[in-house]
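Colleague: Please take me through the features of this model one at a time, with the general idea before each case.

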Amino acid sequence: MTAQVDYLVVVFTATSGASGELLGSDEKDLVQVVWQLVNVNNKTLGRVNELLIRSDLSDSTEEKTEEDVVVECKEEDETASGADRVYTATSLDSGINMFNLQLTNEVNSAGAGTSFCLCTDGQLHIRQVIHPEAASKNILVPDFFYSFFDLRKEFKNHFPTSDLKALNALVMAESLSIPVDIPTVWDPTANQEPLTVLPAEVAVKQVRLMSNIILALLSEPYCHRFSNPERVSERFESGTCSKMEKVCDNTVIRARGLPWQSSDQDIARFFKGLNIAKGGAALCLNAQGRRNGEALVRFVSEEHRDLALQRHKHHMGNRYIEVYKATGEDFLKIAGGTSNEVAMFLSREDQIIVRMRGLPFNATHDDVLRFFSPEDDLKETCPISGGKEGILFVRYPDGRPTGDAFVLFACEEHAQCALRKHKELLGKRYIELFKSTAAEVQQVLNRYSSAPLIPVAPPPLVSIMPSVPLLPPPGSVRDCLRLRGLPYTASIEDILTFLGEFTQDVRQHGVHMVLNQQGRPSGDCFIQMTSAERALQASQRLHKHVMSSQRGANSRYVEVFPCSAEEMGLVLMGGSLSHTHTHTHNRSRSGTGLSPPPCLSPPSYSFTPVQPILPTDAAAAAAAALYPPIGQVLLAPRPLHPGHAYYPASAQLYMNYTAYYPSPPGSPNTLGFFPAHSSMSSPGGLMRMPGLPYNGSGVKDIISAVQGYQGPMESVSLLTNSLMGQTSAGETSLMSLPLITKPGGQFLDLTLQ
């Protein structure tokens, strides 16, 4: 808007909670709106109107008509606030409609023009009160609420030395030599409580004072023109962001606690009233490529970022959202991209993006087109925008498909039709469908085309595991089984039932279930068999058979592969195996970040003793060469007397460490306790335990956690925050343990450092 408007509508709002600079920060409902019309051309003032929103009247006025409920007019002599006319409404929706109706009638009756714009003292009344509450209640506000004049910024044009954050109506009136008649409760210099609810007459006097300030600015010698109002974004614009783009640190926040199904539009609705930069809402993904409930949001200015921080612990549905400061580098890690293919894919504006997950590796563009537009079902046709150009397959750097893809739809109706195909079959696989964002497309492509954005595990303090010695020799005996695709509710008993007659060939404590970082089953399991022949027979007979779980109704087919003990150890030590058992030694050995629980064996079966996997002398020699003496790492180790290693007989232990390692040598279902070994002559190892709880009791909890390992513990050292003297968030502990002797070999069950 470049031309000056005919009228300014001076608006002041009040909620049932905080006032002043904290207005709207406590998520309280709007209860009062006061306004007055200012004729810019004639420099005259209209009547002062007051609207009271009282939801407590809705129950007592159910039998009245809508007009009786919404409008209750009183003349000036009947009002306690001093307003010329007072209106009463029972809800925000009816109140906004009444405000729109009365304002339009007053402008039309004045006859000096029809253009008008709102004017407020600061940004809070429009951005932090009206728009957030209307968005949370799904109320559409009139168009004139999307532009307004900030009286403080208009005043600063003539008084450049004024501090914008310290300005208010009182300061502006004093600078313009306007007499002030407002109670001290509104005086910012007075020691008032921010959460104090303002009396009704304060709002009316505030509006009258603001109107006089406007008249003073319109008159000589200022002759101010109100021509460039503030804008409120009506909708969020999606877009791309380059990694080379510079993002100011003072414009980015991190929102945490989002519902898993939330989209960038939900984030924009939560921050309604604040202007988010184009493509400035980026949902974060976890190590498994799923949304983790966090998002990084980039605003157009530091002012809007500061207002967003005031919405800390406001609600999105039934969940409260935490809002913190973030940096531009954080935003670029999530939303930035460099791929020209992605830029071309996202160059079309006003497109709805849907993510496909679980595609067959041989799926083509034609398969995806037929999936959304089957020839035999015209009612469920969901045409993809641009045909094949509207499909983007996600691939590894070597060109192998990942099973993910993104598709574009021209409108919301087609996207919703596509989402109804969630978990329908494409070939022999069911496809998961999710509404996605441009930032998620960039993040997924970055994750698969380069190193992980968020490392699964922290780097070790001391490098101790060379990659070459971990490779199993080609001629290894495949006397183990790897089960993939287990139901997440499957127990040890379910696995033994699935094995059937091969259960008697399982070695003692030879079932190794694998948990992820959250301590939940990952769907993988390793089983040590008595011979390679029985392992091969079991894989041939049970491969892709269905396994049922006693604790859940889900049934899944399970893939069964033979593998060697060395290959199993490689995976448990942080490597990876080829599921096809070809080119095993050329595969990437990057750690997966998953951890198994202790070995569990059923109490009703007996097993033969297990053969050692690694010679004791060789393992001790390797440890002596790789691990430095513990005295070089800990300055003052505290000796601890070895006690009895103990497992609770009734509880299952699930240990969630950083990388794959074998389970302790025992079963909590079958063993109550077993004595610890005497001190060994081999050098100790330094171990790191990430993710300790904040409220842990320290060394006592650490000793209890490692009681299942046979071997004396020489010392425990807690890493503390040097500034606060408390255990740092997510910090780790260091301890010294000798190499642990186990019937199946020698391993360490913690992150070695």
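Colleague: Leaving aside its neighbours within four places in sequence, which residues is Phe236 in contact with?

Modeller: A contact here means heavy atoms within 4.5 Å. Apart from neighbours within four places in sequence, Phe236 makes contact with Asp264, Gln265, Ala268, Ile276, Ala277, Gly279, Gly280 and Ala281. Please note that this is a predicted model, in which local features need pLDDT of at least 70 and side-chain atom pairs count only at pLDDT 80 or more, whereas totals for chains, interfaces and linings use all residues. Residues are numbered from 1 along each chain as its sequence is written, and side-chain values use heavy atoms, with hydrogens and water left out.

Colleague: Where is Phe236 found, and is it buried or exposed?

Modeller: Helices (H or I, at least four residues) and strands (E, at least two) are DSSP runs, numbered from the N terminus. Phe236 belongs to the loop between strand S7 (230–231) and strand S8 (241–242). Burial is read from relative accessible area: buried is under 20%, exposed is over 50%, and partly exposed is in between (1.4 Å probe, protein chains only). Phe236 has a relative accessible area of 6%, so it counts as buried. Phe236 and Lys272 are 36 residues apart in sequence, with 9.4 Å between their C-alpha atoms.

Colleague: How does the reading go for a residue in a helix, such as Ala169?

Modeller: Ala169 is in helix H5 (residues 169–175). Its relative accessible area is 0%, which means that Ala169 is buried. Not counting residues up to four places away in sequence, Ala169 touches Asp121, Gln206, Leu209, Met210 and Ile213. Of these, Met210 is 41 residues from Ala169 in sequence, but 6.4 Å away in space, C-alpha to C-alpha. His304, in helix H8 (residues 302–309), is also buried, because its relative accessible area is 4%. With neighbours within four places set aside, His304 is in contact with Arg127, Leu274, Asn275 and Phe299.

Colleague: What span should helix H6 have, and how far apart are its end C-alpha atoms?

Modeller: The expected span of a helix is 1.5 Å times one less than its number of residues. For the 19 residues of H6 (residues 200–218) this gives 27 Å, and the end C-alpha atoms lie 28 Å apart, so the two agree. H6 is mostly covered, with 14 of its 19 residues buried.

Colleague: Which residues of helix H12 are buried, and where do they lie around its axis?

Modeller: In H12 (residues 412–419), the buried residues are Ala415, Cys417 and Ala418. Viewed down the axis, they fall within an arc of 160°, and therefore line one face of the helix; the arc is that of the directions from the helix axis to the C-beta atoms. These buried residues pack against strand S15 (352–357), helix H11 (365–372), strand S17 (401–409) and strand S20 (432–435).

Colleague: Which backbone angles deserve a second look?

Modeller: Most residues other than glycine have a negative phi, and most peptide bonds are trans. Here, Lys423 is not a glycine, yet has a positive phi of about 70°; Lys423 sits in the loop between H12 and strand S18 (425–426). Lys544, likewise other than glycine, has a positive phi near 65° and lies in the loop between helix H15 (532–542) and strand S24 (545–548). Lys544 counts as partly exposed because its relative accessibility is 47%. The bond joining Glu220 and Pro221 is a cis peptide bond, with omega about 5°, and Pro221 is in the loop between H6 and S7.

Colleague: How many cavities of 30 Å³ or more are there, and which residues line the largest?

Modeller: Rolling a probe the size of a water molecule over the atoms shows where empty space is left. A cavity is a set of points, on a 1 Å grid over the protein atoms alone, where a 1.4 Å probe fits but cannot get out; lining residues have an atom within 4 Å of a point. Grid points are joined across faces, edges and corners, and a volume is the space filled by probe spheres set on the points. The count is six cavities of 30 Å³ or more, and the largest has a volume of about 80 Å³. The lining of the largest cavity consists of Val11, Leu30, Val33, Leu51, Ile53, Leu92, Gly95, Ile96, Phe99, Ile130 and Phe145. Strand S2 (30–39), strand S3 (44–53) and helix H2 (92–110) each give two or more residues to this lining, and H2 gives the most, with four.

Methods:
1 Å grid on protein atoms, 1.4 Å probe; cavity = no way out; pocket = protein on both sides within 12 Å on 5 of 7 lines; lining within 4 Å.
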